[in-house]
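Dear colleague,

Please find the structure below, handed over for your work. My findings follow directly after it.

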Amino acid sequence: MAPHILVVGGTGMLAGLVEALAGDGGRLSLVSRRASAAGLPGRAFDADYHDEAAFTAALDAAVAGQGPIDLAVAWFHTLRIAAPRRLAERVGTPAAPGRLVQVLGSATADPARPDRLRTAAAVAEGLPHCRLAQVVLGFRLEAQGARWLTEAEISAGVLRAVREDLPFSVVGQVEPWSARP
């Protein structure tokens, strides 16, 4: 059976990733504030991850409809909420561990704050059925100066990390830190 892939936040900057994964033919679920606009009937769940009850209900509905989550890709703009842990708890099973790919903003690469990557990784602590990978979004340096990544670059970089099963990757660059836009 094809793996169940769940994407959190796939209607904005990760829309290209969702489109590519949908083309792979797997069982794809989407959870976001506007998931129903993605055209995945029965597999798109509208829920804001700041609303713990609604987000948890959406995850449970996705699992009930598509089976255990083999791969989750999630971009939470904050980890100071329960949603990242709620997702990690639902990734994989003891019999078939799964993978959670965290998409993280450039601030997690701030050399003055080395604790941020460790803090982000804590969402899967103590969950042997959830293998964590991290993708940090950086920036691009060009002749005109530094710029943030485009949505296409973000989706392509995250897709590469997913398909190549990378435990850690950076899309774009995060050094020199002082060059950030």
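The model is a predicted one. I begin with Val73, which touches Leu6, Val7, Val8, Leu17, Val101, Val103, Val158 and Val162, leaving aside residues up to four places away in sequence.

Val73 also belongs to the largest nonpolar core, which has 27 residues. Within this core, the residues that touch the most other members are Val7, Leu17, Val73, Leu137 and Val158. Two or more residues come from each of strand E1 (4-8), helix H1 (15-23), strand E2 (27-32), strand E4 (71-75), strand E5 (98-104), strand E6 and helix H5 (151-163). H5 gives the most, with five residues. Another core, of 23 residues, lies apart from this one and includes Phe55, Ala62, Ala83 and Ala88. As general background, nonpolar side chains in soluble globular proteins tend to be buried together.

Two of the contributing helices also pack against each other. The axes of H1 and H5 come within 8 Å and cross at roughly 45°. An angle between 35 and 65 degrees falls outside the parallel and perpendicular classes, and H1 and H5 are therefore oblique to each other. Their crossing is right-handed. On the H1 side, the contact involves Ala15, Gly16, Leu17, Ala20 and Leu21, which meet Ser155, Val158, Leu159 and Arg163 of H5. Sorted by class, this contact has six nonpolar, two polar and one charged residues.

Next come two residues in strands E5 and E6. Ala133 lies in strand E6, which spans residues 130-137. Ala133 counts as buried because its relative accessibility is 3%, and the limit for that class is under 20%. Beyond its sequence neighbours up to four places away, Ala133 touches Leu100, Val101, Gln102, Leu166 and Pro167.

One of these partners, Gln102, is placed in strand E5. Gln102 is likewise buried, with a relative accessible area of 4%. With residues up to four places away in sequence again left out, the contacts of Gln102 are Ala74, Leu79, Ala120, Ala121, Val123, Leu132, Ala133, Gln134 and Val135. Between Gln102 and Phe168, 66 residues apart along the chain, the C-alpha separation is 9.5 Å.

Ala133 also leads to Asp165: the two are 32 residues apart in sequence, and their C-alpha atoms are 8.1 Å apart in space. Asp165 is situated in the loop between H5 and E9. Its phi is near 55°, a positive value in a residue other than glycine. At 35% relative accessibility, Asp165 counts as partly exposed.

A further backbone detail concerns Pro176, in the segment after strand E9 (168-171). The peptide bond from Glu175 to Pro176 is cis, and its omega is near -5°.

Finally, Val63 is part of helix H2, residues 52-66. With a relative accessibility of 26%, Val63 counts as partly exposed. Its contacts, apart from residues up to four places away in sequence, are His4, Pro68 and Ile69. Val63 and Pro97 are 34 residues apart in sequence, with 15 Å between their C-alpha atoms.

With kind regards

Technical notes: Residues numbered from 1 in each chain as written. Predicted model: local features only at pLDDT ≥ 70, side-chain atom pairs only at ≥ 80, totals over all residues. Heavy atoms only, no water. Helix = DSSP H or I, 4+ residues; strand = E, 2+ residues; numbered from the N terminus. Buried < 20%, exposed > 50% of the residue type's maximum accessible area, 1.4 Å probe, protein only. Contact = heavy atoms within 4.5 Å. Core = buried A, V, L, I, M, F, W, Y, C linked by side-chain atoms within 4.5 Å. Axes fitted to C-alpha atoms, helices over the stretch in contact; angles between N-to-C directions. Parallel < 35°, antiparallel > 145°, perpendicular 65-115°, else oblique. Left-handed = near helix turned anticlockwise from the far one by under 90°. Nonpolar A, V, L, I, M, F, W, Y, C, P; charged D, E, K, R; others polar.
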